[in-house]
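Colleague: I'm new to this one. Could you walk me through how to read its features?

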Amino acid sequence: MATGESSATPTVDAALLPKPAGRSDLPSEKVFSIQIGCEVFRLSGASIASDAPSYFSQFFEEQLRQNGEDSNPRTLYIDRDPGTFKEIAKHLQGYHIRPRDGNEFVKLFADAQFYSLPRLTSQLFESEIFIQIGDRHFEIPRDLFSNPGDSPNFFSLGFAVFFTSPSEAFPGLDRKVLLRPPAIVPPSVPNRSGAVFEELLHLLRGYPLNIRNEDHRAELLRDCRYFHLRGLEQRLIPHHLSYNPLRRRSEVIIRLEDVRQSGVQFSPDPQPVSSPTLAYGWVVYARPFVDERSADLIVEIGGEATIIDLTAMRADFIGLVKARVASLFQVVANKMNLPTTAPLGLLMMTGGASTQPASPAHSPLGEERVKIRLDSDTDLTINGEQVPVDSFLTDDDPDPTTTSNALSPLLRPTKRRRSEPNETKTPENPDTEQQPVWFARTAQWRLRVQPSGSPGGYEMMFIAVKLDVYTEERSRNRHRRFLTP
């Protein structure tokens, strides 16, 4: 690049020049003047031809066609930023240029398209992503999102508005009548944390990250979902993957709200040739984009949303948890190719399946209340005290393929209320009564599918792995926390 009036140009071996991106008929050693704003740049035909056809090559070729090759073409004047063009001139002279930040990137990208420089436009299109998140500036290599599930994401989808393709300059605008390119705002996400995003990049680069607490994990997961990094999200969700040597099977513990439909599968037990068509089996799970093999699913349900009826050995679920359990039942039924059990006429009369309240009974695997079983392997905590479950087991086991036993109702005497002075005590209204109900703070269940009592039917059973329950409000109050320290 030169800003003086001298026309002297050093002789350059043509074999050493960069291969042109397109064809240009400009004489290689002839010097052409381009004024950008208040500065004049003098570039050789070889430099202009290095990224052609372009606005520059077409302008000067037309000048030579009209006035002859021995004429001196007039200076091309363009009212743009000379500082940005200094970098473009370096590119035309064969140097590799690299934006320093998002502001410089959008200026180079806009001018590269405005000047119709195909090679520079393509280079910028494939370069790093420059973006400001919160108060921090980032330069992100595009191949950083090469892991399964991490692309397409916020960057590849959100930037498609003006990074449509290297060959399309300013989509929707006519290049022939465009006096100047439209202003492009540097990419930024002001409503997210730069510190959290830096930790996500640390993980994407393959480095481990110490998750300080659950609040920290929630921050990372929230931004993973915002930027649509689904693979990284699956790596961050709370889980525990292990091999159980006693059962000789792999197991994965995951919260109910983190279970994804694509990861759920049904794994039937090995069947001898003489066995009936109906079979037993386990629900298995593999985290999408992360796990190569499925493992036995142990689903964790917290939030005090589970009520266990020990008399009927059934579990009720409350609110959103019930909807998620119903959805899980339907997903397993779909994986098993089971037909729906809801009568078509009833659905039409009530407005369709979407208008029905969520319930496991809407799937072919369950009823309104979910069948449960506790066995000798269940870890049980009642009212804050660990209780051995073996003393409550019977030999009644509905599943002949396992060695587990069903738990008989555990009836704990619980104070109900004091009698009023004039109230007569009756067998129906004692001071204390047997309370065959548990309220689960947190429960872990292994999911078992087995034939039901109906011909050709199946049912899902929740087998308790670990339970933390309470039967009295005093125990619940003991776990409350004061709002003030």
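Colleague: Let's start with helix packing. Which residues of α4 meet which residues of α5?

Modeller: Happy to help, and keep in mind that this is a predicted model. From α4 come F105, L108, F109, A112 and Q113, and they meet L120, T121, L124 and F125 of α5. Sorted by class, that contact has 7 nonpolar residues, 2 polar ones and no charged ones.

Colleague: And how do I describe the way two helices pack?

Modeller: In general, two packed helices are described by the angle between their axes and the distance between those axes. Here, helix α4 (residues 102-114) and helix α5 (residues 118-125) have axes that come within 8 Å and cross at roughly 145°.

Colleague: Is the crossing of α4 and α5 left-handed or right-handed?

Modeller: The α4 and α5 crossing is left-handed.

Colleague: Now the sheet, please. What is the order of its strands?

Modeller: Reading across, the order is β2-β1-β3, in an open sheet of 3 strands with mixed pairing. At the edges sit β2 (39-44) and β3 (76-78), each pairing on one side only. From one strand to the next, the twist averages 25°.

Colleague: How many bridges join β1 to β2?

Modeller: Strand β1 (residues 31-36) is joined to β2 by 6 bridges, and the two run antiparallel. For a single example, look at Q35, whose bridge partner in β2 is V40.

Colleague: Which strands does helix α3 lie across?

Modeller: Helix α3 (residues 82-92) lies across β1 and β2, and runs at about 10° to β2.

Conventions
Residues are numbered from 1 along each chain as its sequence is written. This is a predicted model: local features need pLDDT of at least 70, side-chain atom pairs count only at pLDDT 80 or more; totals for chains, interfaces and linings use all residues. Side-chain values use heavy atoms; hydrogens and water are left out. Axes are lines fitted to C-alpha atoms, for helices over the stretch in contact, and angles run from 0 to 180 degrees between N-to-C directions. Helices (H or I, at least four residues) and strands (E, at least two) are DSSP runs, numbered from the N terminus. A crossing is left-handed if the near helix is turned anticlockwise from the far one by less than a right angle, and right-handed if clockwise. Contact means heavy atoms within 4.5 Å. Ala, Val, Leu, Ile, Met, Phe, Trp, Tyr, Cys and Pro count as nonpolar, Asp, Glu, Lys and Arg as charged, and the others, Gly among them, as polar. Two strands pair if DSSP finds at least two bridges between them.
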